[in-house]
Amino acid sequence: MAAVSLKVNGEAREVDVPSDTPLLWVLRDNLELTGTKYGCGIAQCGACTVHLDGQPVRACVTPVSDVGSRAVTTIEGLSADGSHPLQRAWIRANVPQCGFCQSGQLMTASALLRRNPDPSEAEINAAMSGNLCRCGTYQRIRRAVRMAAEDMQEQG
């Protein structure tokens, strides 16, 4: 065990875990941030997507020792009250069905809109292609990403 210092959702946190512990388990088990989900455990489904310094990563295969001083953002940190334009668009587009993949989808989409505020359909498809949805809500997800992009552009 080793003390690991992290910056998660803007707060300094410290955990005492083996250095090879996946970030996902540190978030869920040690910090009780259960919005990030375990899907496949091999970085193939995207359910565990979080941001490290704004870049989407798969928390299930990221050892906590690899985080270093980079800022971790989870779905809980996307907005304090669910008011992020993507979260509002997700509701308007009626995206969630079972909801299991949604936090990973939202984290991937928010990273996309941060680097490309006006993505084309092809760019949305490319960015979201690594996030699987067993319910098959891909059309709704694409519609919500476009809606959020439009809202964000209108807000400036």
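A residue counts as buried when its relative accessible area is under 20%, as exposed when that area is over 50%, and as partly exposed in between. The exercises below apply this to a predicted model.

**Exercise 1.** Decide whether aspartate 151 and arginine 92 are buried, partly exposed or exposed, and find what their side chains form together.

*Solution.* Begin with aspartate 151, whose relative accessibility is 15%, so that this residue counts as buried. Turn next to arginine 92, which at 47% relative accessibility counts as partly exposed. The side chains of the two residues meet in a salt bridge, with 2.9 Å from N to O. Because aspartate 151 belongs to helix α6 and arginine 92 to helix α3, this pair ties together parts that are 59 residues apart in sequence.

**Exercise 2.** Work out which residues join with Glu121 into one network of salt bridges.

*Solution.* The whole structure holds three salt bridges. In one of them, the side chain of glutamate 121 meets that of arginine 142 at 3.3 Å, N to O. Since glutamate 121 lies in helix α5 and arginine 142 in helix α6, the pair ties together parts that are 21 residues apart in sequence. The side chain of glutamate 121 also meets that of arginine 146, here at 2.5 Å, N to O, and this pair links α5 with α6 across 25 residues. Through the shared partner, Glu121, Arg142 and Arg146 become one network. As for accessibility, glutamate 121 is partly exposed at 36%, arginine 142 is partly exposed at 22%, and arginine 146 is partly exposed at 32%.

**Exercise 3.** Determine how the buried and the exposed residues are arranged around helix α5.

*Solution.* List the buried residues of α5, which spans residues 121–128: they are Ile124, Ala127 and Met128. These residues cover an arc of only 90° around the axis, and therefore they lie on the same side of α5. The spacing fits a general rule: an α-helix has 3.6 residues a turn, so residues three or four places apart point the same way. On the other side of α5, Ala122 and Ala126 are exposed. Finally, the cover over the buried residues of α5 includes α4 (102–115) and α6 (138–155).

**Exercise 4.** Find which residues have the most contacts inside the largest nonpolar core, and which helix supplies the largest share of that core.

*Solution.* The largest nonpolar core has 21 residues, and Leu86, Trp90 and Val145 have the most contacts inside it. Helices α2, α3, α4, α5 and α6 each supply at least two residues of this core, and the largest share, six residues, comes from α6.

How values were computed: Residues are numbered from 1 along each chain as its sequence is written. This is a predicted model: local features need pLDDT of at least 70, side-chain atom pairs count only at pLDDT 80 or more; totals for chains, interfaces and linings use all residues. Side-chain values use heavy atoms; hydrogens and water are left out. Buried means under 20% relative accessible area, exposed over 50%, partly exposed in between (1.4 Å probe, protein chains only). Helices (H or I, at least four residues) and strands (E, at least two) are DSSP runs, numbered from the N terminus. The arc is that of the directions from the helix axis to the C-beta atoms. Contact means heavy atoms within 4.5 Å. A nonpolar core is a set of buried Ala, Val, Leu, Ile, Met, Phe, Trp, Tyr and Cys residues joined through side-chain atoms within 4.5 Å. A salt bridge is a side-chain nitrogen of Lys or Arg within 4 Å of a carboxyl oxygen of Asp or Glu.
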